[in-house]
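Biologist: I'm new to this one, so could you take me through a single part up close? Pick a pocket, and then show me how the helices around it pack.

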Amino acid sequence: MTPQWIRWVAFGLGTVLLVGSSLSVLKTLVVPRRVSARPSVVGRVMHRLFLWGAARFESYDAKDRLLSFEGPMTLLVMLNTWLAMFWIAYAFILWPLIDQSFLGALRESGSSLLTLGFAATPLAGATIVYFLAGVTGL
């Protein structure tokens with residue numbers, strides 16, 4: 001059994017991760033202008049991967065065809081990264097609120113985040129987190 005203080009430290013880390021992920025989504029998708037001069041880690045990695053792949057081609061047309069997918073692929077990878085970050089953040093937040101292991105918290109977090117609703121603990125604090133995760137998942 002994990003000590004309760006570790007669960008509450010995880011709660012704090014989950015809250016920080018949740019706020020950071022939410023700000024990242026807002027800055028990237030909602031704010032109509034560039035907020036930060038720094039590109040995201042995901043954006044930098046994807047850009048380097050596409051440049052590496054384009055360097056393998058000789059013709060400009062082949063390079064252009066490959067590089068035209070950089071933006072859409074980066075967005076898809078970012079969306080999945082945000083989803084994973086929210087999943088872990090909500091699991092950390094749920095962990096001290098439910099009487100289960102961290103794997104159980106991951107299960108309940110994923111169930112709520114993806115709005116499947118197959119796993120839930122009927123406690124008030126946990127129910128609030130489920131609703132927040134459900135809204136985030138949408």
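Modeller: Let's go for the second largest pocket, which holds about 190 Å³ of space (the space filled by probe spheres set on points joined across faces, edges and corners). A pocket here is an open set of points on a 1 Å grid over the protein atoms alone, where a 1.4 Å probe fits, with protein on both sides within 12 Å along at least five of seven lines; lining residues have an atom within 4 Å of a point. This is a predicted model, with local features needing pLDDT of at least 70 and side-chain atom pairs pLDDT 80 or more, while totals for chains, interfaces and linings use all residues. Residues are numbered from 1 along each chain as its sequence is written, and side-chain values use heavy atoms, leaving out hydrogens and water.

Who lines the pocket? There are 11 residues, and Val25, Trp82, Leu83, Phe86 and Thr136 are the closest to its centre. Helix 1 (4-30), helix 4 (70-94) and helix 6 (124-137) each give at least two residues to the lining (helices are DSSP runs of H or I, at least four residues, numbered from the N terminus). By class, the lining has 8 nonpolar residues, 3 polar and no charged (nonpolar is Ala, Val, Leu, Ile, Met, Phe, Trp, Tyr, Cys and Pro; charged is Asp, Glu, Lys and Arg; the others, Gly among them, are polar).

Now look at two of those helices. Helix 4 and helix 6 pack at about 175°, their axes 10 Å apart (lines fitted to C-alpha atoms over the stretch in contact, with angles from 0 to 180 degrees between N-to-C directions). They are therefore roughly antiparallel (over 145 degrees; under 35 is roughly parallel, 65 to 115 roughly perpendicular, the rest oblique). On the helix 4 side, Phe86, Tyr90, Ile93 and Leu94 touch Ala126, Val129, Tyr130, Leu132, Ala133 and Thr136 of helix 6, where contact means heavy atoms within 4.5 Å. That contact counts 9 nonpolar residues, 1 polar and no charged. Phe86 and Thr136 take part in it, and you met them by the pocket's centre.

Helix 6 has another partner, helix 5 (residues 102-113), with an angle of about 50° and axes 7 Å apart. That makes helix 5 oblique to helix 6. Here Glu108, Ser112 and Leu113 of helix 5 meet Tyr130, Ala133, Gly134, Thr136 and Gly137 of helix 6. The mix is 3 nonpolar, 4 polar and 1 charged. So keep an eye on Thr136: it is among the residues closest to the pocket's centre, touches helix 4 and meets helix 5.
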